[in-house]
Amino acid sequence: MKFKVIYFFILFALCNLSCSSEKSINVINVLQSLDSHSSSEISFMHISDTHGSSISVVPMVEALNSSNCDFGIITGDILPDDNMINIINSYRKPVFLVPGNHDAYDVYSQYGFRKSVIDRNTTISNVKYGDNNANYFYYDLHKDAKHFRVISLDQFELDAVGRAGIYEVVMSQKQIDWFIEVLESSYNVDAFIVLIHEGFGNANIGSRDIKNVNKFVSGLAADYTNSYDFNGTANPLLIPDILHAYISGENIINKTYASGIESAPVHVTTKFNGAHHNFIAYYGGHLHWDEVEYLNTHQEQLLSLIAYGGQGTGSGWNDLVKSNSGEDSYNINYNKIDIEQKQLTIYRLGAKNTQGGTIRDSITFEILK
């Protein structure tokens, strides 16, 4: 343990030296002005798509250790080495790790991710997995008489139902049945979020719902197509439809969805006991542009995606450098959920860089309607 602590601080110091540039920000300094808590508030840090970059994880973990945050999440394409896992394990509260397409297809597969990544994450305990080999789980947080739930899905169950086209979503009947059962057990939870990697797209490819987000979203996302925009073999509305049934009370009766492989469609029937309004938002990545939007097809469902600037844009689109040479960039989203006031506020830590002349520093949503 002593070696791990010494190692972490050496790595953090080296990262600060190698990453010092005009594009970098001091996350802790920015966080100090935001880090206040009401008794009904849940807060957490969100990054995604680290793609093996330990430099991406250091500022988030340092901020987590210096704040009142309840947990952290990394929503896929993590590709962690031993260094990154040691950094994550230096945090004193849960850091949830979600598999991405590159984790599943390029390195670990489904069972390998559980064994090589999740089971080595010492920050989490009392997690309820779908089975002994599953990456999907839920976690309950009790704080100041509030019951908050994190539900995490695995969109790449390659070992469960077989390999589909490259990087495409694959979800088993077993996981979908488990998800419905978890929702049925969530009626009395004060609030919950759902972790994913890939978002669910919109009705038309490239049709981002940026008009409703007060310019918080990167305008670059508006016409940037990605693999969740209805061009895979899995139906991207499978999860949103189930949640719509939960939110509205309009149950699904024996509907079939493409699951990512032709020989294993998913059959869905829900029996929710009415309408429920404790769902907050999905959290994911994959897009390689940051955005927060309501789904065009499901306006009651908020989607928050975050990732590095990527695609050769350099570090001009986001606030933190991601590598020693600084060719990519990313940002950290600091989320506050005030259950009593029914508000979600998302802060881009620092947000000194602009796109289209707009500083994208924070946005607030009215939730739990």
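Accessible areas are obtained by the Shrake-Rupley method with a 1.4 Å probe, and for residues only the protein chains shown count as cover. The structure is a predicted model, in which local features need pLDDT of at least 70 and side-chain atom pairs count only at pLDDT 80 or more, while totals for chains, interfaces and linings use all residues. Residues are numbered from 1 along each chain as its sequence is written, and side-chain values use heavy atoms, with hydrogens and water left out.

**Exercise 1. The chain as a whole**

Task: State how many helices and strands the chain holds, what share of its residues is buried, and what area it exposes.

Solution.
Step 1. The chain contains eight helices and 19 strands. Helices (H or I, at least four residues) and strands (E, at least two) are DSSP runs, numbered from the N terminus.
Step 2. Of the 369 residues in the chain, 60% are buried. Buried means under 20% relative accessible area, exposed means over 50%, and partly exposed lies in between (1.4 Å probe, protein chains only).
Step 3. The exposed area of the chain is about 14200 Å², of which carbon and sulfur atoms supply 49%.
Step 4. Contact means heavy atoms within 4.5 Å. Among contacts between residues at least 6 apart in sequence, 67% join residues at least 24 apart.

**Exercise 2. Strand β2 and its partners**

Task: Describe the burial of strand β2 and identify the strands with which β2 pairs in the parallel sense.

Solution.
Step 1. Strand β2 covers residues 71–75, and five of its five residues are buried.
Step 2. In a regular strand the side chains alternate between the two faces of the sheet. Here Phe71, Ile73 and Thr75 point one way, whereas Gly72 and Ile74 point the other way.
Step 3. Two strands pair if DSSP finds at least two bridges between them. Strand β1 (residues 41–47) is joined to β2 in parallel over four bridges, with histidine 46 having isoleucine 73 as its bridge partner in β2.
Step 4. Strand β3 (residues 95–98) also runs parallel to β2, over four bridges; glycine 72 stands opposite valine 95 in β3.
Step 5. A right-handed β-α-β unit is made by β1, helix α3 (residues 54–65) and β2. Another right-handed unit consists of β2, helix α4 (residues 82–89) and β3. A crossover is right-handed if, with the strands pointing away from the viewer, the path from the first strand over the helix to the second runs clockwise.
Step 6. Asparagine 65 belongs to helix α3 and is buried, with a relative accessible area of 17%. Leaving aside residues up to four places away in sequence, asparagine 65 touches Ser90, Tyr91 and Arg92.

**Exercise 3. The seven-stranded sheet**

Task: Give the strand order of the open sheet and explain why β4 and β11 each have one side without a neighbour.

Solution.
Step 1. The order of the seven strands is β4-β5-β6-β7-β10-β12-β11, with mixed pairing.
Step 2. β4 (128–129) and β11 (291–294) stand at the edges and have a single partner strand each, so one side of each lacks a neighbour in the sheet.
Step 3. β4 runs antiparallel to β5 (residues 137–143), and two bridges join them. Lysine 128 has tyrosine 138 as its bridge partner in β5.
Step 4. Helix α8 (residues 238–248) packs on the sheet and touches β7 (191–195) and β10 (279–284); the directions of α8 and β10 make about 170 degrees. Axes are lines fitted to C-alpha atoms, for helices over the stretch in contact, and angles run from 0 to 180 degrees between N-to-C directions.

**Exercise 4. Salt bridges**

Task: State how many salt bridges the structure holds, then characterise the pairs formed by aspartate 131, arginine 149 and glutamate 340.

Solution.
Step 1. There are eight salt bridges, each being a side-chain nitrogen of Lys or Arg within 4 Å of a carboxyl oxygen of Asp or Glu.
Step 2. Aspartate 131 pairs with lysine 174, with the closest N and O atoms 2.8 Å apart. This pair links the loop between β4 and β5 to helix α7 (residues 173–184), across 43 residues. Aspartate 131 is partly exposed at 25%, and lysine 174 is partly exposed at 48%.
Step 3. Arginine 149 pairs with aspartate 140 at 2.6 Å between the closest N and O atoms. Arginine 149 is buried at 4%, whereas aspartate 140 is partly exposed at 23%.
Step 4. Glutamate 340 pairs with lysine 146, the closest N and O atoms being 2.4 Å apart. Glutamate 340 lies in the loop between β15 (333–338) and β16 (343–348) and lysine 146 in strand β6 (residues 146–152), so the pair ties together parts 194 residues apart in sequence. Glutamate 340 is partly exposed at 47%, while lysine 146 is buried at 16%.
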